[in-house]
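Below are some comments on the structure you sent, set out as numbered points. They begin with a single strand and its partners and then widen to the chain as a whole.

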Amino acid sequence: LVKNINSILKNNGIEKNYVISYEKVKIGNQNNLFQASSEEKLQVIILPTATLGNVKDTTEQILQNTLDNELKKYFKIISQEIFEKAQERAFQELDYDECTEDQCIMLIQEMLQVEHVFHLQIIEEEKDFQLSLSWRTLDENKKQADICLGCSTIKLSKKVTELIQNINSTN
């Protein structure tokens with residue numbers, strides 16, 4: 001197993017010094033990653049919510065809280081403090097031209113040995129909203145989006161929960 005992992009890392013240009021230990025993870029039903037039992041919860045990074053338009057700070061925070069609360073049912077969430085330390089280290093290690101969002105996130109995933117990353121984006125235009133949830137692993141990216149015309153924060157919060165369910169069902 002270790003030889004195979006080292007080979008995969010090398011073939012993908014990943015420096016071995018970022019990987020501290022190898023752990024075989026049992027995830028159960030491949031069609032539903034979110035069904036791991038509480039003692040088998042996989043770790044996840046939840047990136048800070050991104051907004052575009054006139055999204056109120058309170059709405060942004062409520063939707064971030066909804067995302068956190070829903071995902072902690074299925075995953076063990078890496079603390080924001082640990083994420084920020086790894087992010088700072090990634091910025092120091094990557095050259096300016098290498099520091100794309102994808103490259104930085106992949107490096108942070110490697111440093112923290114966390115396969116799953118979720119990111120919520122909220123776009124508002126004239127009281128209409130688009131919510132976009134991305135789920136990235138080291139191997140793939142998935143995205144679900146929904147539009148809500150003239151929605152309240154409560155309805156947007158329900159939409160976030162639906163996006164999580166939808167992204168999981170596409171697995």
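1. A residue is called buried here when its relative accessible area is under 20% and exposed when that value is over 50%, with partly exposed in between. The model is a predicted one, and in it strand E4, which spans residues 116-125, is mostly covered, seven of its ten residues being buried.

2. Which strands pair with E4 in the parallel sense? Strand E1, residues 42-46, does so over three bridges, and strand E2, residues 50-52, also runs parallel to E4 and is joined to it by three bridges. For anyone checking the register, Ile46 stands opposite Phe118 in E4, while Leu52 stands opposite Ile123 in E4.

3. Strand E5, residues 128-136, runs antiparallel to E4, and nine bridges join the two strands; within this pairing Val117 stands opposite Arg136 in E5. E4 and E5 form a hairpin that leaves two residues between them. As a general reminder for reading such a sheet, side chains in a regular strand alternate between its two faces.

4. The turn of that hairpin deserves a look at its backbone angles, since Glu126, found in the loop between E4 and E5, has a positive phi of about 50° although it is not a glycine. Is Glu126 buried or exposed? Glu126 counts as exposed because its relative accessible area is 70%, which is to be read against the cut-off of over 50%.

5. A second residue to inspect in the same way is Gln113, which has a positive phi of about 55° and is likewise not a glycine. Gln113 has its place in the loop between helix H4, residues 101-112, and E4. With a relative accessibility of 34%, Gln113 counts as partly exposed.

6. At the other end of E5, Thr137 lies in the loop between E5 and strand E6, residues 141-149. Why does Thr137 count as buried? Its relative accessible area is 11%, and the limit for a buried residue is under 20%, so Thr137 falls in that class. Leaving aside residues up to four places away in sequence, Thr137 touches Gln109, Glu115 and His116. A polar atom of the Thr137 side chain also lies 3.2 Å from the backbone nitrogen of Asp139.

7. The structure holds one disulfide, and its geometry should be looked at with care: Cys148 and Cys151 form the link, with their sulfur atoms 1.3 Å apart in the model. The angle about the S-S bond is -70°, and the link of Cys148 and Cys151 is left-handed. Both Cys148 and Cys151 are buried. Another cysteine, Cys104, counts as buried because its relative accessibility is 7%.

8. Turning to the helices, Ile82 has its place in helix H3, residues 80-93, and counts as partly exposed at 43% relative accessibility. How far apart are the C-alpha atoms of Ile82 and Leu112? They are separated by 8.5 Å, although these residues are 30 apart along the chain.

9. For the chain as a whole, the secondary structure comes to five helices and six strands, and from the N terminus on the elements run α-β-β-α-β-α-α-β-β-β-α. Among contacts between residues at least 6 apart in sequence, 59% join residues at least 24 apart. Buried residues make up 38% of the 171 residues in the chain, and the accessible surface comes to about 10,900 Å², of which 47% belongs to carbon and sulfur atoms.

10. A last point concerns confidence, in which the chain averages a pLDDT of 81, with 74% of the residues scoring at least 70. Over residues 16-31, however, the pLDDT is below 50, and this stretch has 25 contacts in the model beyond near neighbours in sequence. I would ask that any description of residues 16-31 quote this pLDDT of below 50 alongside the 25 contacts.

Note on methods
Residues are numbered from 1 along each chain as its sequence is written. This is a predicted model: local features need pLDDT of at least 70, side-chain atom pairs count only at pLDDT 80 or more; totals for chains, interfaces and linings use all residues. Side-chain values use heavy atoms; hydrogens and water are left out. Buried means under 20% relative accessible area, exposed over 50%, partly exposed in between (1.4 Å probe, protein chains only). Helices (H or I, at least four residues) and strands (E, at least two) are DSSP runs, numbered from the N terminus. Two strands pair if DSSP finds at least two bridges between them. A polar contact is a pair of N or O atoms within 3.5 Å; within protein, one must be able to donate a hydrogen and the other to accept it, and residues adjacent in sequence count only if both atoms are side-chain atoms. Contact means heavy atoms within 4.5 Å. pLDDT is the predictor's confidence in each residue, from 0 to 100. A disulfide is a pair of cysteine sulfur atoms within 2.5 Å. Accessible areas come from the Shrake-Rupley method with a 1.4 Å probe; for residues, only the protein chains shown count as cover.
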